[in-house]
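Biologist: Could you take a close look at one helix for me and explain it in plain words?

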Amino acid sequence: MSGDSGPGFSIRRARTSDVPRIQQLVEPLVQRRILLGKEMVTLYEAVQEFRVAQNADGELIGCGALHVMWSDLGEVRTLAVADDWLGRGVGRALLGRLESDARELGLDRLFCLTFEVGFFGRNGFEDMGEATVDPALYAELLRSHDEGVAEFLDLARVKPNTLGNTRMIKHL
């Protein structure tokens, strides 16, 4: 299976018309406190970061986003698969496409904040533990208003929303 498709599905760049369905895919995971909720406006602002999986009928069955954080660092965000497509390679294919996008952009590392440690571990991510970054880079990243950067830096201000998540990293 290539990174762009699998049995009964294909992956493509998201369009603005996909945003309502992306929110529908994410909402059950937000309710189960697996993903942080995002406002519709935030999804539209980030639509160019998203890839979506669609079945043979064109229905969206999964999504995921790649957010650039620094010259060599990106974050996998909002990776979600419809319940009836779980275990069929959709998440792995989406992650593969995001990794390919990351390489095209010149990124060397991918970060994620997740409860799905098993899935990401099987796909080459490792628990960051107490790992920190170079002090000069840390100072630069502190200037960001992006919550993902705060999560990566393990800042106290994001702790209440991310309790129980694991910071994971993969070297590409």
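Here is a walk along that helix, from its length to what comes after it.

Modeller: Before we start, this is a predicted model, where local features need pLDDT of at least 70, side-chain atom pairs count only at pLDDT 80 or more, and totals for chains, interfaces and linings use all residues. Residues are numbered from 1 along each chain as its sequence is written, and side-chain values use heavy atoms, with hydrogens and water left out.

Okay, helix H1 covers residues 19-31. Helices here are DSSP runs of H or I with at least four residues, strands are runs of E with at least two, and both are numbered from the N terminus. With 13 residues, H1 should span 18 Å, and its end C-alpha atoms are indeed 18 Å apart, so the two agree. That expected span is 1.5 Å times one less than the number of residues.

H1 does have a bend, though: about 25° at leucine 25, with proline 28 following within four residues. The bend is the angle between axes fitted to the seven residues ending at a residue and the seven starting there.

Now, which residues of H1 are buried? They are Val19, Ile22, Leu25, Val26, Leu29 and Val30. Buried means under 20% relative accessible area, exposed means over 50%, and partly exposed is in between, with a 1.4 Å probe and protein chains only. Those buried residues pack against helix H2 (40-45) and strands E3 (50-55), E4 (60-70) and E5 (73-81), where contact means heavy atoms within 4.5 Å.

Finally, H1 is followed by arginine 33, which has a positive phi, near 60°.
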